[in-house]
Amino acid sequence: MILKNQKESQISEDIQIKNVDVYYNDNHAIKNVTMNIKSKCVTALIGPSGCGKTTLLRSINRMNDEIVGCRTTGAIIWNNVNILGKEIDPVPLRRKIGMVFQKPNPFPKSIYDNIAYGSRIHGIRGGKKLDIIVEKSLKNAALWEEVGDRLEESAMSLSGGQQQRLCIARTLSIEPKVILMDEPCSALDPIATAKIEDLIDNLKKNYTVIIVTHNMQQAARVSDYTGFFYLGELIEYGDTEQIFENPKMELTENYMTGRFG
Amino acid sequence: MKIVKKIFKKADEENPFYMKFNFREKIIVFLLFVSASAAIAISIAIIYTLAEGSFSFFTNPLVNFLEFLTGVKWIPSGNNPSFGILPLLSGTVLIAGGALLVGAPLGLAAAVFLSEFAGYKLRSIVKPIIEILAGIPSIVYGFFALMFISPILREYFNANYFNAASAIVVIAIMILPIVISISDDAMKAVPNHLRETSLALGATKWETATKVVLPAASSGIIASVLLGLARAIGETMVVVLAAGSIANLTLNPFEETMTMSAYIAKVATGDIPPGIAVSAGFAVGLVLFIITYFINTIAARVVIQIKTGSRVKKTRKSKQKNILIISIIEKILDFINSISNLFKRVKNKLGYLRNNIRKSKSLTLKRRYLNQRIGITLISGSIICVSIFLIILIVNIIFSGIDGISSSFLTSFPSRFSSKAGILPVIMGSIYLMLITLIFAAPLGIGAAIYLNEFAKDTHYTRFLRRIIQNLAGVPSIVFGLMGLTIFVRIFNFGPSLLSGGLTLTIMVLPIIVVTTEEALRAIPYSFREASLGVGSTRWQTVRHHVLPNATPGILTGIILALSRAIGETAPLLFIAAVFAKTIPSTIFDGFLALPTQIFYWTTQPQVEFHTLAASTIIILLIILLAMNTIAIIIRQRAQARRDW
Amino acid sequence: MIDEKNKKIVKTNVLIVACITMGAVVLSGCVGQNESKPELIQTGSSTVLPLAIAWAEEFDDADISVSGGGSSHGINALLNGDADLGDASRLLKGSDYEKIGCDPNLVKEDGTASGTCNGVQPIKWIVAYDVLVVVVNNDNDWASELNYSQLYEIFTDDNPAIYWDDVTGLNDTAPHEEIEIYAPDEASGTYDYFFEEIIPNWGKDNQQANSRLDLGDGVYHPSADDNVILNAIRDNQYAIGYFGFAYYKENPTLVKPVWIAEDGNKYEEPSLNNVANYPIARPLHIYTNGIPKNDNIINDYLSYILSEEGQDIVPEVGYVRLSLVNENLITDQLSKLQ
């Protein structure tokens, strides 16, 4: 594997997924997946609908805990800690591993309050500190110019693309190390999509980004590494260029050439 | 007909996209509009009933309008009557306000627990129990307040024999089912992905529940609180028994006092010959009507504010309405608006100070979990409180009445001999009443809600309609009784029959159905409708196939609440239902007996055996309610389980 | 797919509702009511109500449905044609006529009317008497006998007594404790009757005094429910009140009845048999539309009420039979029905 963006030894910041299985009651959704997500890179998870990409993504920030009947086995090591361990409290974990959902879902509050929510929960009550955080997050999400002068307005009055960037800003406001994105552009128009893809490119300077996407071209544009999933199994994982131009598995090639999915 | 066909044919040939005259759709929309406007007709009837009496009151030389509004003595009888409404007003504020202050937070807390923290099994047990609470007739509460609560208050708090506090406590418990049920539905309707997103930001469950779900559900919650307040204001029986029958200007809950509704009930059902004391009752009713209208208007604005989290924009069009009252309302609202904005700014400034003065230590995780634990303890405590009261009440009733229940009790007719007396015609009468009420109220109420929410444009008229309907919820039940008598018994000439009784109850429960149905409809995401319209469905098809089926749980909650209310209310039937008969009604034009009026009658008899009979009848009433609720809840829970959005 | 399931649910519901309705209908059919007797509607005073129920129950020749709602409602219903019999514990007044838009001057002082209203000619029938009993707490040994002027001092606003030993004649025997009154509110016929007895010219413009309730000094605690009043007096040592005899009759050990003298010292026991002497007793009325003719079932009903059989029931319910008050009442009214 050719490593892009070779960084200093930050091996411990990688997310090492080891033999992870996820069951929804009797449904074996994720089958024995092992992969190493490089830190400060963008990793894309692709594959046809229902292949488990979102499930895997959600296991990284323990969102699957909220689903009744969902069982996860295996280990995900990050910073020398097994995230899946019973002794790990998901609440502080999720501050470090943020998530952006498929459908933009701002809270029915003002723009300011949406961004401030995370910080307020973690103890920053108000005042200048909060203002700075809000401004910084909105700038990092490339939304400040558009809404900076109307922070008191309801978030619901923004367009779809703006709302999604708002959600990204909201996630950024709590200063995570990892950002999980579940098909963030699928509900957006091409222009908004382009803006977000630019954003992702910027984000990888400071964050580890894992993005689930239906859109192969997007994966090709945006990611450094790509993992191809099919029916709960990780079929192939590697350098994006290699996966797209020179897939090793036949299944991967069939998917790329559009024979199915 | 041929010409019409020709016109259509031409349209088809020329351009397939011409707007077709969809007859069916237009009729349905029209019918819905009529249902909604029925509320106007009802309100006009009520206002007419009240205005007529008020007119003769205010034109009486003994009455001074200014003194009426500002006077502090209400002594309507005797040589030197005084008609200052303030004591009655204070009584209503004290009792209804007190009940709301106790009941709304308690109910909300219980609802948060039910909706966000309770397991599936616990929820399926507790929610039906809450709805049974809704059906316990107020007369039972009244007696319970007097016999159980008052002595405790006298013992430990040195209260009077009659005191407002026992009424407050009991009315608070009475409004709990409304607040809990509707708030719970409102919170359950908040889309799951909002909760997920909050959790994904590292919030605890408690923080998610209080900072995300509650605000998102605010319109439903406020609707529930308003309905609760309306119930508290319109309550007559409990107050009459426990709080006292004398107008007393006080805000001390341990003194005796009388509310506006109680006064109306007193003069309507008493022996005072028609005269100034009686017409004063109508004037009081009118004041009550106006007050509830104000409250509803203000609350509507508050909902918008909370929901969108932003200041209400001044979107008033340049053409000013010249009506004085509306501009007064607007001024008051602006005032309230600016005060709340002031609060917000102060809070923000305090935030600045806080961060500057001491090193803001972030809320540690430990602290947050502590908050969560405290929070959960508090709210589960409230559920326990509610349950304990319910258990005491039910156990009390069962002990008093269980001996009286036998097959002969259920199949005999009432009698002056307590040993012979039975409630067969009473049960039948109530069941028939329920059916009639259901047949009229459900389509009318749901239709009105559908019209308002799905078809009507947001005009002044529709906002006015909505306000009028909400207002009806606050009318004292005795006024419905008077109205039913005047309109259905006399003007329509249905006589004191099942039909008159059913129609009167329909009008009384209509606002409950409309408000809860509207909330249920509002909870359906707009995307559902968009998807349907996107494939070319008409509005009505969208509603029928996509919105209504998903709104069924909430609509059913509303219907359950409404029917529970209807089956237990005495006042509306006081002038229509009989308390003795030898036959069962065979047509809807026959006279009838009903459970609440029978209970009320037997409770006020001197013989203790009749009190026992009353208790036995209450047990039967509760069993019927349980049956009704169970059926509806099974339907509702199946619908809710299927929900995957 | 939702539609399919929904249809199923709707069908189940309809089935359930249909079952209940059918069950109800079947049940009602089972309890045979195949004879069609003439039906009468009787409504009004809650005081007369238990009597009305008793009579309606015993009278087999008609199906009488009985309800309460108050004397005003009873009279109003009669005048509007909604009811055949209007029960009233008070007399018909001019304002009853006025309310419907008829001439109030047609109504005389004795509760009869010289002209019709709305086509209805109200005829007054006296059917029983109600003894009004003044009660005190069981531990009250100083006020077991009171006369009208003492009642006047306690219950009116004319120089009212605050403490029990303020009352004339009780200055030495009564304790220096505040008087508490628990009694019916002004919407009750009992209230009206009580004060008519102790306040001269009550109800007229030159009424001598107002009731203690109208004074508003907080001593008179009114209630709409006599059971409640009973319990209040039972629990309060310095309480005094009044209500209809029926409530005392059912609970004779809970409170103590006061012997009353209209004037002077002739204290009379409040009891159903002593009604000829006991001063505070009031008539109970039923109003009908005109004097029912012989072939009218109402005629039979009234005849029954005034008969020996019908009057036997009266003391069972807790009221006073007419013969104990005045034998002529029965014969005079019965003769009108002949």
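User: Why is α6(A) said to be largely enclosed by the rest of the structure?

Analyst: This is a predicted model, in which local features need pLDDT of at least 70, side-chain atom pairs count only at pLDDT 80 or more, and totals for chains, interfaces and linings use all residues. Residues are numbered from 1 along each chain as its sequence is written, and chains are lettered from A and ligands numbered from 1 in the order in which they are written. A residue is buried if 20 or more other C-beta atoms, placed from the backbone, lie within 10 Å of its own (exposed if 12 or fewer, partly exposed in between); 13 of the 14 residues of α6(A) are buried, so this helix is largely enclosed.

User: What makes the length of helix α6 (residues 160–173) of chain A agree with expectation?

Analyst: The expected span is 1.5 Å times one less than the number of residues, so the 14 residues of α6(A) should span 20 Å, and the end C-alpha atoms are indeed 20 Å apart.

User: Why are α21(B) and α22(B) called roughly antiparallel?

Analyst: Helix α21 (residues 526–534) and helix α22 (residues 539–568) of chain B pack at about 155°, with axes 9 Å apart. Angles between N-to-C directions run from 0 to 180 degrees, and those over 145 count as roughly antiparallel (under 35 roughly parallel, 65 to 115 roughly perpendicular, the rest oblique); α21(B) and α22(B) are therefore roughly antiparallel.

User: Which residues of α21(B) make the contact with α22(B)?

Analyst: They are B:Phe528, B:Arg529, B:Ser532 and B:Leu533, where contact requires C-beta atoms, placed from the backbone, within 7 Å.

Technical notes
Helices (H or I, at least four residues) and strands (E, at least two) are DSSP runs, numbered from the N terminus. Two residues are in contact if their C-beta atoms, placed from the backbone, lie within 7 Å.
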